[in-house]
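I opened this model to look around the ligand first and then at some backbone details. Here are my notes, in the order I took them.

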Amino acid sequence: MVGVSVLGISGSVGSSTVKVLRQFRDSFSLRSFSVHSNWELAKTLIDEFSPEVVSVTDSQLAGKFGSKYKSTTILYGEDTLIDLVQVTTVDVVVTAVVGARGVKPTIAAIEAGKKIAIANKETLVTFGPLINRLVAKHNTLMVPVDSEHNALFQLIEREKRTNIRAITLTASGGSFRTLPIEELEHVSVKQALNHPTWSMGPKITVDSAGLINKGLEVIEAHFLFGFSYDEIEVVIHPQSLTHGIIETVDGACLQYTSHPDMIFPIAHSLFYPTPTPKMLMERKPSTWKTLEFFPPDLGRYPGLSLAYQAGRAGGVAPSVFNAANEEAVALFLEERISFTAIPKLIENALNKISNSFPEDLEGYLEKDKETRSYIQKEFVRGGVTI
Ligand SMILES: NC(=O)c1ccc[n+]([C@@H]2O[C@H](COP(=O)([O-])OP(=O)(O)OC[C@H]3O[C@@H](n4cnc5c(N)ncnc54)[C@H](OP(=O)(O)O)[C@@H]3O)[C@@H](O)[C@H]2O)c1
């Protein structure tokens with residue numbers, strides 16, 4: 001029985017993880033999890049899974065549970081994510097909280113010798129060099145949950161590295177793939193949240209609409225697999241059936257294709273290195289009528305070019321890219337800036353905030369903080385970009 005901790009069980013990835021845990025009750029035991037605000041769901045899951053420790057990261061909810069639970073310890077506040085991953089019966093940690101706040105529990109899980117099923121891409125984008133050093137030091141098994149990276153992980157494992165010329169991440173193109181570019185400035189939050197193929201949390205859905213999610217994923221792929229930015233490509237694939245492609249030196253392309261449902265990569269990452277033992281869903285290739293691929297229009301998706309720019313610059317530039325985006329997307333979701341202001345704010349932050357190459361977590365956190373405060377000041381200033 002493998003002990004599982006899920007950070008952010010109440011989100012989209014968290015809910016899909018629960019589906020997988022229900023399908024494989026004989027293989028996995030949920031030992032700890034967190035919610036931020038959804039304490040009602042936490043109650044239901046405590047009754048169903050009897051975990052040892054649960055964290056409610058919104059400390060304003062302290063006391064909501066009273067003293068009803070005798071065999072489950074309830075903790076409050078964001079720092080308690082670290083307690084969850086340190087539970088001794090936990091073997092694998094699914095990092096499914098949203099945003100760069102995932103870093104501290106991820107580091108704690110690496111240091112505690114746990115396997116990491118990493119969904120929280122912002123952690124790798126922001127702190128990539130640091131996380132990679134720790135993974136190497138502790139010989140950590142880190143398996144990507146992001147569908148594209150999980151697909152590539154599986155493809156790369158089957159091929160000699162020297163035989164791979166390039167890797168390709170597919171992108172659906174998001175909610176506005178066919179909208180006239182001049183209308184992008186006036187799109188609403190509701191329109192942005194209407195993703196054509198995936199059902200995901202609000203932040204990543206907005207990220208997807210501008211291909212900023214793909215930009216984050218390009219940087220994530222660089223840190224996960226060690227390919228240079230010239231070797232990582234992006235194609236628009238509206239059907240979201242093919243998730244990753246590797247191109248071999250002889251010019252052949254190997255694709256990983258599956259129905260767009262997060263249960264596939266989540267089950268793979270939980271079972272790995274054991275193969276997932278039973279069919280999760282039957283979808284025959286004959287039902288996939290069309291697989292289209294075409295290059296992204298960078299005029300429509302300026303955030304993708306900015307991600308490559310930040311990735312190539314290295315140092316804290318990816319952290320600045322991520323923090324600026326997190327702040328800008330939050331402002332967009334609050335209907336305080338336009339959709340097109342998001343990449344403009346990121347670009348300004350990349351131009352204004354000096355790059356550096358910190359050795360430790362504090363150095364990265366400082367830049368993260370500096371960037372967030374820069375974006376807030378830009379917003380208050382009502383600068384031309386907004
Ligand atoms: N959704 C996908 O299909 C998908 C695919 C690949 C990768 N990812 C990545 O996985 C991560 C989660 O995405 P998601 O779509 O599942 O997000 P989501 O649906 O928005 O869920 C976010 C989770 O984080 C919790 N949370 C919110 N604010 C928090 C805070 N201040 N402190 C601690 N926890 C907090 C939420 O708790 P409450 O709901 O209780 O407030 C929820 O459990 C992201 O990094 C995303 O990029 C997602």
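**Ligand shell.** I began by listing the neighbours of the ligand: 26 residues surround it, where near means that a heavy atom of the residue lies within 4 Å. The closest are Ser-10, Ser-12, Ser-37, Glu-122 and Asp-146.

A note to myself on ground rules: this is a predicted model, in which local features need pLDDT of at least 70 and side-chain atom pairs count only at pLDDT 80 or more, while totals for chains, interfaces and linings use all residues. Residues are numbered from 1 along each chain as its sequence is written, and side-chain values use heavy atoms, with hydrogens and water left out.

**Polar contacts.** Next I looked up polar contacts, here pairs of N or O atoms within 3.5 Å. Ser-10 places a polar side-chain atom 2.7 Å from a ligand oxygen. With Val-13 the partner is a polar backbone atom, 2.9 Å from an oxygen atom of the ligand. A polar backbone atom of Ala-119 is 3.4 Å from a ligand oxygen.

**Cover.** On its own the ligand has 900 Å² of accessible area, and the protein covers 89% of that; the areas come from the Shrake-Rupley method with a 1.4 Å probe.

**Who supplies the shell?** Which elements give two or more residues to it? I found helix H1 (12-23), helix H5 (121-138) and helix H8 (202-209). Helices here are DSSP runs (H or I, at least four residues) and strands are too (E, at least two), numbered from the N terminus.

By class, I get eleven nonpolar, ten polar and five charged residues in the shell. In this split Asp, Glu, Lys and Arg count as charged, and Gly is among the polar ones.

Where does the ligand sit relative to the domains? It lies between domain 1 (2-140) and domain 2 (146-311), because both give residues to the shell. The bounds come from an automatic or database domain assignment.

**Backbone oddities.** A reminder before this part: most residues other than glycine have a negative phi, and most peptide bonds are trans.

I found a cis peptide bond between Tyr-272 and Pro-273, with omega about 10°. Pro-273 is in the loop between helix H10 (263-271) and helix H11 (302-313).

Asn-139 has a positive phi, near 55°, and lies in the loop between H5 and strand S7 (142-144). Is Asn-139 buried or exposed? It is exposed, at 69% relative accessible area (buried is under 20%, exposed over 50%, partly exposed in between, with a 1.4 Å probe and protein chains only).

Glu-335 also has a positive phi, near 60°. I placed Glu-335 in the loop between helix H12 (317-333) and helix H13 (341-352), and it counts as exposed at 63% relative accessibility.

Technical notes
Polar contact = N/O pair within 3.5 Å; in protein donor to acceptor, adjacent residues only side chain to side chain.
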